[in-house]
Amino acid sequence: LGIDLAGTVEAIGEGVARFAIGDEVYGMAGGVGGHQGSLAEFAAVDADLLALKPANLSMRQAAAVPLVFITAWEGLVDRAPPRAGQTGLVLGGAGGVGQMAIQIAVALGATVFATGSVSGRHVIEGLGAGFVDRDEPMVDVVARLTAGRGFDLAYDTAGGRGARYCEAVSY
């Protein structure tokens, strides 16, 4: 079990030059492709699956990034890359993948709105998106935020009940 990890390099394998003992690293290195999971005190990891941990993230924060970031990137950038001037809607913006999708779309210049519960409002707004109460009818959201035109793109991390919202959103 386990895919994401963060830790400190304890030993270096032959031919590995970009890491040193003591480096703090993170990556998505276990649980898939025949690799052992990452839920262990120590793990032998392919250096190509690791990166230096950003100094502004704790180990816990860094370990939470890889899979949700890759999921958001592949679902958003690889399929419907946001561009400056576009409006985007992220359904489930306070969750892990939603938080990443917001940050990616904002970084690429889109104006982003995200649905969530009232308790997640501070998370959504803190990432640079406009908050949309998930209980507000989507027809009203589209009318209010896009003058009825619709969003340029939508990213649904919520599924289920949230999936019906996409029917009211233009792509």
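**View 1. A nonpolar surface patch in the predicted model.** A patch, in this predicted model, is made of residues with over 30% relative accessible area and no salt bridge, nonpolar side chains being joined within 5 Å. Phe69, Ile70 and Trp73 form such a patch on the surface, and together they have about 240 Å² of accessible area. Ile70 belongs to helix H2, residues 66-76. With a relative accessible area of 31%, Ile70 is partly exposed.

**View 2. The open sheet and helix H2.** Three strands, in the order E1-E2-E3, make an open sheet with antiparallel pairing. Strand E1 (4-8) and strand E3 (50-52) are at the edges; each has a single partner strand, so one side of each lacks a neighbour in the sheet. On average, neighbouring strands are turned by 25° against each other, direction ignored. Five bridges join E1 to strand E2 (residues 24-28) in the antiparallel sense, and Thr8 has Glu24 in E2 as its bridge partner. H2 packs on this sheet and touches E1 and E2, its direction making about 50° with that of E2.

**View 3. A salt bridge between two loops.** Asp48 and Arg18 form a salt bridge, with the closest N and O atoms 3.5 Å apart. Asp48 lies in the loop between E2 and E3 and Arg18 in the loop between E1 and E2, so the pair ties together parts 30 residues apart in sequence. Asp48 is exposed at 61% relative accessibility, whereas Arg18 is partly exposed at 45%.

**View 4. A salt bridge within helix H4.** Arg121 pairs with Glu125 in a salt bridge whose closest N and O atoms are 2.9 Å apart. The two residues are four apart in helix H4 (residues 121-126), a separation of about one helical turn.

Key: Residues are numbered from 1 along each chain as its sequence is written. This is a predicted model: local features need pLDDT of at least 70, side-chain atom pairs count only at pLDDT 80 or more; totals for chains, interfaces and linings use all residues. Side-chain values use heavy atoms; hydrogens and water are left out. Patches are made of residues with over 30% relative accessible area and no salt bridge: like charges are joined within 9 Å, nonpolar side chains (Val, Leu, Ile, Met, Phe, Trp, Tyr) within 5 Å. Accessible areas come from the Shrake-Rupley method with a 1.4 Å probe; for residues, only the protein chains shown count as cover. A salt bridge is a side-chain nitrogen of Lys or Arg within 4 Å of a carboxyl oxygen of Asp or Glu. Buried means under 20% relative accessible area, exposed over 50%, partly exposed in between (1.4 Å probe, protein chains only). Two strands pair if DSSP finds at least two bridges between them. Axes are lines fitted to C-alpha atoms, for helices over the stretch in contact, and angles run from 0 to 180 degrees between N-to-C directions. Contact means heavy atoms within 4.5 Å.
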